[in-house]
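Subject: Structure handover

Hello,

Here is the structure I said I would pass on. Please open it first, then read the notes underneath with the model beside you.

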Amino acid sequence: MLRFFLAVILMTASLSWSMPITARSWVVAKEDGTKVIGKNDNKVMPIASITKLMTVMVVLDSKQNLNEYIKPYTRNELIQLALVNSNNQATDTLCRNYPGGYKNCILDMNRKAKELGLKNTKFSDATGLNRKNVSTAEELIVIVRESYKYQQVIDAAKINKLTLHQNKRLLTFKNTNPDAGINQNIIVSKTGFTNPAGGCIVMMMETNIGRRIVVLLGSKNTHTRIPEAEWLVQS
């Protein structure tokens, strides 16, 4: 009888610390990119709006005036909208106003991926709506580490709600990762979702076991991706 009760206690404890992971591909890595644990992390998959990290990086690399107004917003505000709110229109606007135009923006996104040694990462559009924007969880670790070099990316992860002026009005845009800005341990964050890609997220964050990078692709939906990522990064 004692053994039975002990077995029940151990089973309950095990269940309380487990979480079913719906993501089809995921990986957890150390700050230097060393993999800690992963599943199908070399599988090539659509990455949805995680694309926007690369779009923003090449825009920043182009050294354009961040204070220049493009329609109602400055280039810097469009970058914030792309990263914080995952705004497709803002991201497209950045790429259309890139030196050489939209086509050159996409060419430079692919060129940067090649320079980073990412053989399986390809871009066909700026937003990630195109299912041909693909990568692997393993290669996205490299993109997260590269994005950490950009202060605008780090700043975006500290914003829970973005407030901008437009035509004498104040507009508020929520972060697609509701924990961003509230959980100050999050250093880099970008979410994504399309039907082909499923729920996607990349994060660099401080944990009680050190700084970690977590990448999830193909999670069931927008509600499962964040709890799954946060559970994995602490496991």
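A network of salt bridges links Asp61, Lys112, Glu146 and Lys149. Please keep in mind that this is a predicted model. Side chains of opposite charge can pair when their charged atoms come close. Within the network, Lys112 bridges to Asp61, and the closest N and O atoms of that pair are 3.1 Å apart. Lys112 belongs to helix α5 (residues 102-115) and Asp61 to helix α2 (residues 51-61), so this bridge ties together parts that lie 51 residues apart in sequence. The two partners differ in how much of them is accessible: Lys112 is buried, with a relative accessible area of 10%, while Asp61 is partly exposed at 35%.

How many salt bridges does the structure hold? The count is eight. Two others are worth finding on your screen.

One of them joins Arg211 and Glu31, with 3.2 Å between the closest N and O atoms. This pair links distant parts of the chain: Arg211 sits in strand β11 (residues 210-219), whereas Glu31 is in the loop between β1 (25-30) and β2 (35-39), and the two are 180 residues apart. Is each partner buried or exposed? Arg211 has a relative accessibility of 19% and counts as buried, because the limit for that is under 20%. Glu31, at 38%, is partly exposed.

The other is between Asp41 and Lys35, whose side chains meet at 3.2 Å, N to O. Asp41 is buried, with a relative accessible area of 6%. Lys35 is partly exposed, at 44% relative accessibility.

Next, the cysteines. A disulfide is a covalent bond between the sulfur atoms of two cysteines. The structure has one disulfide. Which residues form it? They are Cys95 and Cys105, with their sulfur atoms 2.1 Å apart. The angle about the S-S bond is -115°, and the link of Cys95 and Cys105 is left-handed. Cys95 lies in helix α4 (residues 88-96) and Cys105 in helix α5, so the bond ties together parts that are 10 residues apart in sequence. Cys95 and Cys105 are both buried.

Cys200 takes part in no disulfide; the nearest cysteine sulfur belongs to Cys95 and is 20 Å away. A disulfide needs the two sulfur atoms within 2.5 Å, which is why Cys200 is not counted in one. Cys200 is also buried, with a relative accessibility of 0%.

On the aromatic side, a search of the whole structure turned up zero aromatic pairs. There is, however, a charge placed over a ring: Arg96 lies over the face of Tyr102, 4.7 Å from the ring centre.

Last, have a look at Ser49, which is found in the loop between β3 (45-46) and α2. Ser49 is buried, its relative accessible area being 9%. Which residues does Ser49 touch, leaving aside those up to four places away in sequence? They are Ser86, Asn88, Thr127, Gly128, Lys190, Thr191, Gly192 and Phe193.

If you want an order for working through the model, begin with the network of Asp61, Lys112, Glu146 and Lys149, go on to the disulfide of Cys95 and Cys105, and finish with the residues that Ser49 touches.

Regards

Technical notes: Residues numbered from 1 in each chain as written. Predicted model: local features only at pLDDT ≥ 70, side-chain atom pairs only at ≥ 80, totals over all residues. Heavy atoms only, no water. Phe/Tyr/Trp six-rings, centres within 6.5 Å; stacked < 30°, edge-to-face > 60°. Lys NZ or Arg CZ within 6 Å of the ring centre and 35° of its normal. Salt bridge = Lys/Arg side-chain N within 4 Å of Asp/Glu carboxyl O. Helix = DSSP H or I, 4+ residues; strand = E, 2+ residues; numbered from the N terminus. Buried < 20%, exposed > 50% of the residue type's maximum accessible area, 1.4 Å probe, protein only. Contact = heavy atoms within 4.5 Å.
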